[in-house]
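Reader: Hi! I'm in my first year and still learning to look at protein models. Could you choose one part of this one, look at it closely with me, and explain the terms as you go?

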Amino acid sequence: MVTADLSRSGDGSRRASLAGYAPWKRLLDIVGSAGTLIVLSPVALGIAAAVWATMGRPILFTQTRPGRGGRLFTIYKFRTMREARDVVGAPLPDGARLTSFGRFLRATSLDELPELFNVLSGDMSLVGPRPLLPEYLPLYSPEQARRHEVRPGLTGWAQVNGRNGLGWKDRFAYDVFYVDHCNFFLDTRIVLLTVARVLRRQGIAQDGQATMEPFRGNVD
């Protein structure tokens, strides 16, 4: 459970601090995402070719996600699942559709490279709470909904503290902690920890799940 370091100072000082950092954070997002896209463009092209060869088209997976303030945007990822349906036409479970190459992409987080375009466009940030599904919006408690006070990120405080291995309550607690403590030093720490977690392939999925059990609301 998340129990440490969750105390918060006054709302006014937190909001002032976040507002002061916001323009610098956006500048870092633009420079960081553009630079990463340039450096990793050969890798991205290779992945695109491999997705096309193993799964065909489309190469990209697109989905609607809520961003800052709950505003909806289209997220881009490399496709990791094949099209497969049961006898009545319903999609098979994620575990049955996830390909071996898709598992590799998810384990290394390379499937998320196209999200750098979401960062460039301003829908996302390099660091922030991960964007989840729109159907979760009415299920959040007022405190959990505060995760939408900032732009969603490619990586976040929850991702370096357990990733998909976390339960939902802990994950949301880490997200809100980030909202209340967002600053350059925390973002830098998260980026460095993310590199370490990805290299170790930690927290890729919950036990018995291909990724993570869907959020079904808060149950006492």
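Author: Happy to; we will start with the whole protein, then spend our time on one helix and its surroundings.

Please keep in mind that this is a predicted model: local features need pLDDT of at least 70 and side-chain atom pairs count only at pLDDT 80 or more, while totals for chains, interfaces and linings use all residues. Residues are numbered from 1 along each chain as its sequence is written, and side-chain values use heavy atoms, with hydrogens and water left out.

The protein has seven helices and four strands (DSSP runs numbered from the N terminus: helices are H or I with at least four residues, strands are E with at least two). Along the sequence they come in the pattern α-α-β-β-α-α-α-β-β-α-α. Of its 220 residues, 40% count as buried (under 20% relative accessible area; exposed is over 50%, partly exposed in between, with a 1.4 Å probe and protein chains only). Among contacts (heavy atoms within 4.5 Å) with a separation of 6 or more, 71% are between residues 24 or more positions apart.

Now for our close look, at helix H6. The helix runs over residues 168-181, and its end C-alpha atoms are 20 Å apart. That agrees with the expected span of 20 Å for 14 residues at 1.5 Å a residue (1.5 Å times one less than the number of residues).

Is H6 enclosed or open? Eleven of its 14 residues are buried, so the helix is largely enclosed by the rest of the structure. The buried residues include Trp168, Phe172, Tyr174 and Phe177, but charged ones such as Asp170, Arg171, Asp175 and Asp180 are listed too.

What do such charges do? Side chains of opposite charge can pair when their charged atoms come close. Aspartate 175 is a good case: its side chain meets that of arginine 147 in a salt bridge, at 2.9 Å from N to O (a side-chain nitrogen of Lys or Arg within 4 Å of a carboxyl oxygen of Asp or Glu). Arginine 147 lies in the loop between S3 and strand S4 (153-155), and aspartate 175 in H6, so the pair ties together parts that are 28 residues apart in sequence. Both partners are buried, arginine 147 with a relative accessible area of 3% and aspartate 175 at 2%. Asp180 has a place in this story as well: salt bridges that share partners join Glu143, Arg146, Glu149 and Asp180 into one network. One link there is between glutamate 149 and arginine 146, at 3.1 Å from N to O. Glutamate 149 is partly exposed, with a relative accessible area of 27%, whereas arginine 146 is buried at 13%.

Tyr178, another buried residue of H6, leads us on to helix H7. Aspartate 187 sits in H7, which covers residues 184-200, and counts as buried because its relative accessibility is 6%. Leaving out residues up to four places away in sequence, aspartate 187 touches Tyr21, Lys25, Val127 and Tyr178.

Would you like a salt bridge elsewhere to compare? The whole structure holds nine of them. In one, aspartate 123 pairs with arginine 71, their closest N and O atoms being 2.7 Å apart. Aspartate 123 is in the loop between H5 and strand S3 (125-127), and arginine 71 in the loop between S1 and S2, so this pair ties together parts that are 52 residues apart in sequence. Here aspartate 123 is buried at 17%, while arginine 71 is partly exposed at 48%.

The loop that holds arginine 71 belongs to a hairpin: S1 and S2 have five residues between them, and glycine 69 in the turn has a positive phi of about 70°. S1 (residues 60-66) and S2 (residues 72-78) pair in the antiparallel sense over seven bridges (pairing needs at least two bridges found by DSSP). Across the hairpin, proline 66 stands opposite leucine 72 in S2.

To recap our helix: H6 has eleven buried residues out of 14, and through aspartate 175 it shares a salt bridge with arginine 147.
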